[in-house]
Amino acid sequence: MIHLKSDKDIAGIEVSNQIIARAFKFIEKIIEPGIETRIIDKEIESFIRSQKARPAFKGLYGFPAASCISVNEVVVHGIPGKFMLKEGDIVGIDIGVEKNDYYGDSARTFKVGDTNPEVEKLCQVTEECLYHGIEQCRDINTVGDISAAIQRHAESNGYGVVRELVGHGVGFKPHEDPQVPNYGLPGKGPKLKAGMVLAIEPMINMGTYKVYVDDDKWTVRTMDHKPSAHFEHSVAILENGVQILSRIE
Ligand code: MG
Ligand code: MG
């Protein structure tokens, strides 16, 4: 069931998302070769708590950390740990925040030092996929229009679109209906309506779209071990357009 949000709800969901946007700004400075991913996670958690908010992923379905930190071939759901970033890595960071019972969700892929042009292009195209999806967020369209726009842009660049993991409604809970796949057909799926809040999150692989889950039951990796990128915004569909709630000012 899809829960529509009032203007007041959307304002509350924006507050949570803006804490995430500021957390990204805050950690950008410490992402460099030699840092362990658990240190980044610690900084994220203390920033969120300093805003009188709660890291929504901690404990969600049993996840052990405040953020998901996914390096190179890890698509999503990487568990922060002693893994040390090195020059040329890309690191996807996914953060959920709850404040006043409103949930936000946003992700970005950061480059660690200098990365090679192929990897840089993967990150750029994945972020473009996110904005192609957001452009389709109008109340005359359907979820399939978002999915198709993302898939078209990724595949026209020769990349694989992850099938197993999808975007979702967000706001009253960390994950709500509808599912928002990153592949699909225009005009299909639920109709978009003013008051819907969606987390749109393309996960785009340099090679095959196929993935598998590690023995830790969380870490999702590309089957061919080529890199993967992930960008996510929470957006509200309005009567006359779309508002990106997690936009970084
Ligand atoms: Mg997320
Ligand atoms: Mg999400």
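For what follows, a donor to a magnesium ion is an N, O or S atom within 2.8 Å of the metal, and because water is not among the atoms, a site may look incomplete. With that in mind, and remembering throughout that this is a predicted model, I would like to begin at the metals, where the magnesium ion (ligand 1) and the magnesium ion (ligand 2) sit 3.1 Å apart, with Asp 105 coordinating both.

Taking ligand 1 by itself, the magnesium ion is coordinated by Asp 94, which appears twice through OD atoms, by Asp 105 through OD and by Glu 232 through OE, at 2.0 to 2.6 Å. Written along the sequence, the spacing of these donor residues is D-x10-D-x126-E. Asp 105 belongs to strand E5, residues 102–111, while Glu 232 is in the loop between strand E13 (228–230) and strand E14 (233–238), so this pair ties together parts of the chain that are 127 residues apart in sequence. Both Asp 105 and Glu 232 are buried.

Let me turn now to the enclosed space, where the count comes to two cavities of 30 Å³ or more. The largest holds about 40 Å³ of space, and its lining includes Ser 70, Val 75, Gly 92, Thr 109 and His 230. Strand E3 (74–76), strand E4 (90–99) and E13 each supply at least two residues of that lining, which by class has five nonpolar, six polar and no charged residues.

The second largest cavity, with about 30 Å³ of space, is lined by residues that include Cys 68, His 77, Ile 93 and His 230, and also by Asp 94, the residue we have just met as a ligand of the magnesium ion (ligand 1). Strand E2 (67–71), E3 and E4 are the elements that give two or more residues to this lining, and E4 gives the most, with three. By class, the lining of this second cavity has four nonpolar, four polar and one charged residues.

Next, the helix H3, residues 117–135, whose 19 residues reach 27 Å from the first C-alpha to the last, close to the 27 Å expected at 1.5 Å a residue. Its N-terminal end is capped by Asn 116, a side-chain oxygen of which lies 2.9 Å from the backbone nitrogen of Glu 118. The buried residues of H3 include Val 119, Leu 122, Cys 123, Thr 126, Cys 129, Leu 130 and Gly 133. In reading that list it helps to recall that an α-helix has 3.6 residues a turn, so residues three or four places apart point the same way.

H3 also brings us to the open pockets, since E5 and H3 each supply at least two residues of the lining of the second largest pocket. That pocket holds about 260 Å³ of space, and of its 18 lining residues the closest to its centre are Arg 108, Thr 109, Glu 127, Tyr 131 and Phe 231. Its lining divides into seven nonpolar, five polar and six charged residues.

I end with the largest pocket, which has a volume of about 480 Å³ and is lined by 27 residues, with Tyr 61, Val 166, His 168, His 175 and Glu 201 lying nearest its centre. The elements giving two or more residues to that lining are strand E7 (167–169) and strand E8 (176–180), and the largest share, three residues, comes from E8. By class, this lining has 11 nonpolar, seven polar and nine charged residues.

Technical notes
Residues numbered from 1 in each chain as written. Chains lettered and ligands numbered in written order. Predicted model: local features only at pLDDT ≥ 70, side-chain atom pairs only at ≥ 80, totals over all residues. Heavy atoms only, no water. Donors = N, O, S within 2.8 Å, 3.2 Å for Na, K, Ca; no water. Helix = DSSP H or I, 4+ residues; strand = E, 2+ residues; numbered from the N terminus. Buried < 20%, exposed > 50% of the residue type's maximum accessible area, 1.4 Å probe, protein only. 1 Å grid on protein atoms, 1.4 Å probe; cavity = no way out; pocket = protein on both sides within 12 Å on 5 of 7 lines; lining within 4 Å. Points joined across faces, edges and corners; volume = space filled by probe spheres on them. Nonpolar A, V, L, I, M, F, W, Y, C, P; charged D, E, K, R; others polar. Expected span 1.5 Å × (residues − 1). Polar contact = N/O pair within 3.5 Å; in protein donor to acceptor, adjacent residues only side chain to side chain.
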